[in-house]
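Please look over the sequence and the model below before reading on. The paragraphs that follow lead through a few of its places one by one.

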Amino acid sequence: MSVTKVMTVMKTKKMFHTTKKKGELMENDQDAMEYSSEEEEVDLQTALTGFQTKQRKVLEPVDHKKIEYESFRKNFYVEVPEQAKMTPEEVNEYRLELEGILVKGKGCPKPIKTWVQCGISMKVLNALKKHNYEKPTPIQAQAIPAIMSGRDVIGIAKTGSGKTIAFLLPMFRHILDQRPVGEAEGPITVIMTPTRELALQITKECKKFSKSLGLRVVCVYGGTGISEQIAELKRGAEIIVCTPGRMIDMLGANSGRVTNLRRVTYVVMDEADRMFDMGFEPQVMRIIDNIRPDRQTVMFSATFPRSMEALARRILSKPIEVQVGGRSVVCSDVEQHVIVIEESKKFLKLLEILGHYQEKGSVIIFVDKQEHADSVLKDLMKASYPCMSLHGGIDQYDRDSIINDFKNGACRLLVATSVAARGLDVKQLILVVNYCCPNHYEDYVHRAGRTGRAGNKGYAYTFITAEQARYACDIIKALELSGSPVPSELELLWSSFKEQQKAEGKTIKSSSGFSGKGFKFDETEHALANERKKLQKHALGLHDSDDEDTALDIDEQIESMFNSKKRVKDFSVPGGAGGGAGAGVSGGVSAVSGQSNMATPSAGNIQKLEIAKKLALKIQAQKNLGAEAQDVMQQATNAILRGGTIIAPSVSAKTIAEQQAEKINAKLNYTPVEKLEEERQAAEATETVKRYEEELEINDFPQTARWKVTSKEALQRIGEYSEAAITIRGTYFPPGKEPKEGERKIYLAIESANELAVQKAKAEITRLIKEELIRLQNSYQPTSKGRYKVL
């Protein structure tokens, strides 16, 4: 026993000495450790526990039907008399003045001219005046009334056009109309951004107004200690500005007791295109699916590629699209220069440009890789230029510090990767140098968009080498769209590249950052992409042992699995209303046609049919017509049986004769010539309308993919979007089991009087199935847990 005791004392003594080496302050002040903003030191055991629990931090989908949400108000907009007086012509003229605003969607309010017209409080007006917001910018003039009126909005405007204020002002009005946030209640507003820097910038902008309104803002982003953010959220906040990944961590932390989305009624996605391009789509959709469906959703971005419109359709409900200055163009205040140069001469040219502009304001030099950023920084330091570098490999605290120093003017030269190209707003930024040529159009627009902000003049220089000739097309496009002259050297470079490709028998594809293949950074990512392709094949049941290149494209595979069958049928509608009914009613016509091949009538249509039948019978009974018509004797008998008095029937001799003749004709099975003539005329009065049908077999797709297109909500949504009737028919047969004679595998029948409606419905069904197959493939966890950074 005594020996054991001595051993224990020695052990304790040893541990005491080792911990003392780490610093007495950490040992004594436990609270400081808990909420330290320093990076938390993670030991092996904590890391292991975190790794094991990581799989459980999945945000479970919510069944909104089971939750009784509080009602809330969206529409706060009251049109002032001077706006109400504006005629449609005046509105169009004013929109043209505001950099040619384009509006899509029904019922969009007229643009405002002053802050007072958008119905904001005196406190907000004072804050706007204090921070020198004199009058609304074009995007603010049209987007604020649209959002204030409770509509979902897609805002497309160039960088530096004031998109942040456009969604903040309606948000404050929206929050203040609801009851205060209670204990253990989540926020009312969630603002999602792709980068941490942009999240911090929006938070800073938001705090200019929130303090005077008594609202709390919390910025939730990765790369920093989570404990401080949890503490802030537990204290309660009306507004959360976040990056999607960290937000999911917060919602799953402490078994969901840190925060929740039950009270969220206003959702903003800023720089939405970049968010989806950087691969945040699954996280964003997971958060969106956990928010009540009747929320108000706002999307803002500088670019809006066509491929994003399908996503917007899923997230937004009947949105208004507000586009300012065309889709993704460089601001006219930016003077653009493109220099075709050799790699070895780039640095000397950079020094020459810096000599001209360094004294006039801040400068950003953009490169494509982290190692290039560090090497350019080193060379600039040697050339006696004090500068800093900013990229994904730098610790988050250092990144914040670098951005603050750059914004404050402590350092006026920054070497950065595209991580800084989104949302970074620096006053007095005079020059942007694309030291490494941007590899797609949208990236060029955003890099150049860092300068020439808020009406200031800016300059953008781009270096392009002969090896980068394939990117010349996008730069020429950017110059042409913004009205800048295209250098002859650049045109010559592009034409020689086209000729070379043609000689080699290759086709030239114009690159875009949103084609779905993403950036190819290293071999690890390439290997991961190949693994995913294999999993895609597996999800589709393609066990192909041949080389990958010979495999069919996923779209072609889905098309072949649909085993599509098309039919066009003719049916008749009454002549008077035929044209209108045939063209206007697509799904609804089938309910009244009575043909077996039509779509099953909806509950509403059946109800209307029953009411119509009852009314017809009532009229016939009153007028004594039809199959149930009674003669004089039957009328008298019924009156006596019911105990009433016999009233002399008001039936003319002609009517009696017609009734008798009808009965005799029915017995003899004889049709009079007059009746035949009437039927012929009625047949002529009818009009034949084509009905288009298509059947898509969905039996062999994975179960979750089938659910995506067979749920009641999905069918309703597709029907509303395409205006076609969609029904589920057939029976599900598991793999290997074939249907018997007269049976069919499960399929979707699409029917409409309009061929385009059928095509739209099919395209939407294909998109939903494809997305689910890709989601299945993305849910696969590769063996390598190493991270790669998006530059």
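**Surface patches and a listed motif**

In this predicted model, the residues Glu89, Glu90, Glu93 and Glu97 together form a negative patch on the surface. One of these residues, Glu97, belongs to helix H6, which covers residues 88-97. Glu97 has a relative accessibility of 63%, and because exposed means over 50% relative accessible area, Glu97 counts as exposed.

A patch of another kind is nonpolar: Ile664, Leu668, Tyr670 and Val673 make up a surface area of about 450 Å². Among them, Ile664 is part of helix H28, whose residues are 653-668. The relative accessible area of Ile664 is 48%, and since partly exposed covers the values between 20% and 50%, Ile664 is described as partly exposed.

Turning to the annotation, an unreviewed UniProt entry lists residues 113-141 under the short sequence motif named "Q motif". In the model, the C-alpha atoms at the two ends of residues 113-141 are 7 Å apart, while the span itself is 45% helix and 0% strand.

Another place to find in the structure is Glu309, which lies in helix H15, made of residues 309-315. Is Glu309 partly exposed or buried? With a relative accessible area of 27%, Glu309 is partly exposed, because buried would require a value under 20%. Glu309 can also be viewed together with Ile154: these two residues stand 155 residues apart along the chain, and their C-alpha atoms are separated by 9.9 Å.

Definitions and conventions: Residues numbered from 1 in each chain as written. Predicted model: local features only at pLDDT ≥ 70, side-chain atom pairs only at ≥ 80, totals over all residues. Heavy atoms only, no water. UniProt positions renumbered as here; feature names shortened; annotations may be inferred. Helix = DSSP H or I, 4+ residues; strand = E, 2+ residues; numbered from the N terminus. Patch = residues over 30% accessible without salt bridge, like charges linked within 9 Å, V, L, I, M, F, W, Y side chains within 5 Å. Areas by Shrake-Rupley, 256 points an atom, 1.4 Å probe, with all protein chains shown as cover. Salt bridge = Lys/Arg side-chain N within 4 Å of Asp/Glu carboxyl O. Lys, Arg positive; Asp, Glu negative; His and termini not counted. Charge placed at Lys NZ, Arg CZ, Asp CG, Glu CD. Buried < 20%, exposed > 50% of the residue type's maximum accessible area, 1.4 Å probe, protein only.
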